[in-house]
Amino acid sequence: MKGLSRLFYNPKVQKVLRALRTRTISAGKIRFSQTSVNGAGDIIDSMKKNGWKGDAIDVVKMPDGKLTTIDNTRLVAAQIVGIDAKVVIHNFNEKIPDKGTKDRLTTKKGRPKTWGEAVKLRIGKQSSSYRKENPNGSRTLEKVNM
């Protein structure tokens, strides 16, 4: 079992698994985990010219059955441009497989072990009113900084 575990967490294997799990869905079906984003202008311009380029964004199927993203800037850019988003859908209790992703998602409030914890930590960094009104994410952003 140890060998299988090592194989599963191998970065090359993770990249292949991620590619196999990538789906294209309407950007409007995904909620945000933040109140605002920065640096959207260049991504919007790129998506207008070239469509979606680059990796899929990580979204989490929340306990209410709906999707919430961790990658808010690319999602809002896709919504503004009116294109579908490339996503990898993670289950709420699915373990985050690699250290690099855990590092990227770590906040002052903690280091997530699961994708659900990662979304909750991201939401937990927002204002108390946002957290109260949007415990699973919001369909809209308060601010988009270009």
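Here are some short exercises on the salt bridges and buried residues of this predicted model, each with a worked solution.

**Exercise 1.** Find how far apart the closest N and O atoms of Asp64 and Arg31 are, and where in the chain the two residues sit.

*Solution.* Begin with the side chains: those of Asp64 and Arg31 form a salt bridge, with 2.8 Å from N to O. Next, place the partners. Asp64 lies in the loop between β4 (57–61) and β5 (67–69), while Arg31 belongs to strand β2 (residues 30–31). The two are 33 residues apart, and the pair links distant parts of the chain. To finish, how many salt bridges does the model hold by this rule? The count is 5.

**Exercise 2.** Decide for Asp64 and for Arg31 whether each is buried, partly exposed or exposed.

*Solution.* The cut-offs needed are under 20% relative accessible area for buried and over 50% for exposed, with partly exposed in between. Asp64 has 38% relative accessibility, so this residue is partly exposed. Arg31 has a relative accessible area of 6% and is therefore buried.

**Exercise 3.** Describe the surroundings of Asp71, step by step.

*Solution.*
- Location: Asp71 is found in the loop between β5 and α4.
- Accessibility: at 11%, Asp71 counts as buried.
- Salt bridge: Asp71 pairs with Arg104, and their closest N and O atoms are 3.1 Å apart. Arg104 is in helix α5 (residues 99–105), 33 residues from Asp71, so here too the pair links distant parts of the chain. Arg104 itself is partly exposed, at 42% relative accessibility.
- Backbone: the Asp71 side chain also reaches the backbone nitrogen of Asp58, at 2.8 Å.
- Contacts: leaving aside residues up to four places away in sequence, Asp71 touches Ile57, Asp58 and Arg104.

Which residues are linked with Asp71 in a network of salt bridges? They are Asp58 and Arg104.

**Exercise 4.** Work out whether Asp103 and Arg111, which meet in a salt bridge, are buried or exposed or in between.

*Solution.* The side chains of Asp103 and Arg111 come to 2.7 Å, N to O. Asp103 has a relative accessible area of 36%, which means that it is partly exposed. For Arg111 the value is 41%, so Arg111 is partly exposed as well.

**Exercise 5.** List the buried residues of α4, then look at what comes just after this helix.

*Solution.* In α4, the buried residues are Asn72, Thr73, Leu75, Val76, Ala77 and Ala78. Just after α4 comes Gly82, with a positive phi of about 85 degrees.

Terms used: Residues are numbered from 1 along each chain as its sequence is written. This is a predicted model: local features need pLDDT of at least 70, side-chain atom pairs count only at pLDDT 80 or more; totals for chains, interfaces and linings use all residues. Side-chain values use heavy atoms; hydrogens and water are left out. A salt bridge is a side-chain nitrogen of Lys or Arg within 4 Å of a carboxyl oxygen of Asp or Glu. Helices (H or I, at least four residues) and strands (E, at least two) are DSSP runs, numbered from the N terminus. Buried means under 20% relative accessible area, exposed over 50%, partly exposed in between (1.4 Å probe, protein chains only). A polar contact is a pair of N or O atoms within 3.5 Å; within protein, one must be able to donate a hydrogen and the other to accept it, and residues adjacent in sequence count only if both atoms are side-chain atoms. Contact means heavy atoms within 4.5 Å.
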